[in-house]
Amino acid sequence: MKVLIVEDEVRLGQFLRQGLSEHSHIANLVGTCAQAKNALVETNYDLIVLDLSLPDGDGIDMVREWRASGFNEPVLILSARDSLEDRIRGLDVGADDYLPKPFSIEELLARMRALLRRQSVVKQTVLERNGIRLDLLGHTVHVDDKPIDLTGREYALLEVFMQNGGRILTRTLISEKIWSSHFDVDTNLLDVYMSRIRAKLEGALGRPVFKTVRGIGYQLL
């Protein structure tokens, strides 16, 4: 899951980003309303974890603007405002969940999974192709019914290909989804990860899984 964290407390933001990354999520951290709006223009996210008291505005107003403009991705408010009135207001303006601070990372992860399950009405949560099975809820990958261990980046990379099975994906598109939109696609970082994931999947299947399209990108066969 690709998550945008909007949190102005630096240490808490870094804690959240680290916690989500350790559970195979791709987490980007911003600290203001303006940065959050820019981040959503640059790329898509599966979920927003939003603080309310931000230096340049109120998260409540931002949720209201998002919903009025048709932005429908899940928003989980994570705030020190813990009164009943605050929680009702946050949900009424369009947030999908409200978790008061202090909180446990385990509860946050559980609520994120619940939000993803609600989205499963319109989003497929188990992706399968040519012997590869990726479970978005369980964060597991099986090849011919045998579990495969992937790092967080490797898992995110495979998810992008599974959601676009058969399509040739450009290096730029892959890099924007896995890293930031400003990632330098001339580096060999993408090739390094492709080599690692190829070794794991093709080693288990005994046949090619990806096709390299020279000068363009890769294709999941």
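1. A good place to start in this predicted model is the hairpin of β9 and β10, where four residues lie between the strands and H139 adopts a positive phi near 55°. The two strands, residues 132-135 for β9 and 140-143 for β10, pair in the antiparallel sense over four bridges. Across this pairing, L134 stands opposite V141, and I132 stands opposite V143.

2. Next, follow β10 into its other hairpin. Two residues separate β10 from β11, and D144 in the turn has a positive phi of about 50°. Here the antiparallel pairing runs over two bridges, with H142 of β10 facing P147 in β11.

3. Stepping back, these strands belong to an open, antiparallel sheet of four, ordered β8-β9-β10-β11. β8 (126-129) and β11 (146-147) each have a single partner strand, so one side of each is left without a neighbour in the sheet. Helix α6 (residues 152-162) packs on the sheet and touches β8, β9 and β10, its direction making about 110° with that of β9.

4. Do take a look at the side chains along β10, which alternate: V141 and V143 point to one face and are buried, whereas T140 and H142 point to the other and are not. In general, side chains of a regular strand alternate between the two faces of the sheet.

5. One residue deserves a second look: D135, in strand β9. What is the nearest side chain of opposite charge to the buried D135? That is R133, 4.4 Å away, and D135 has no salt bridge. Beyond its neighbours within four places in sequence, D135 is in contact with T125, V126, T140 and Y155.

Methods: Residues numbered from 1 in each chain as written. Predicted model: local features only at pLDDT ≥ 70, side-chain atom pairs only at ≥ 80, totals over all residues. Heavy atoms only, no water. Pairing = 2+ DSSP bridges. Contact = heavy atoms within 4.5 Å. Axes fitted to C-alpha atoms, helices over the stretch in contact; angles between N-to-C directions. Buried < 20%, exposed > 50% of the residue type's maximum accessible area, 1.4 Å probe, protein only. Lys, Arg positive; Asp, Glu negative; His and termini not counted. Salt bridge = Lys/Arg side-chain N within 4 Å of Asp/Glu carboxyl O.
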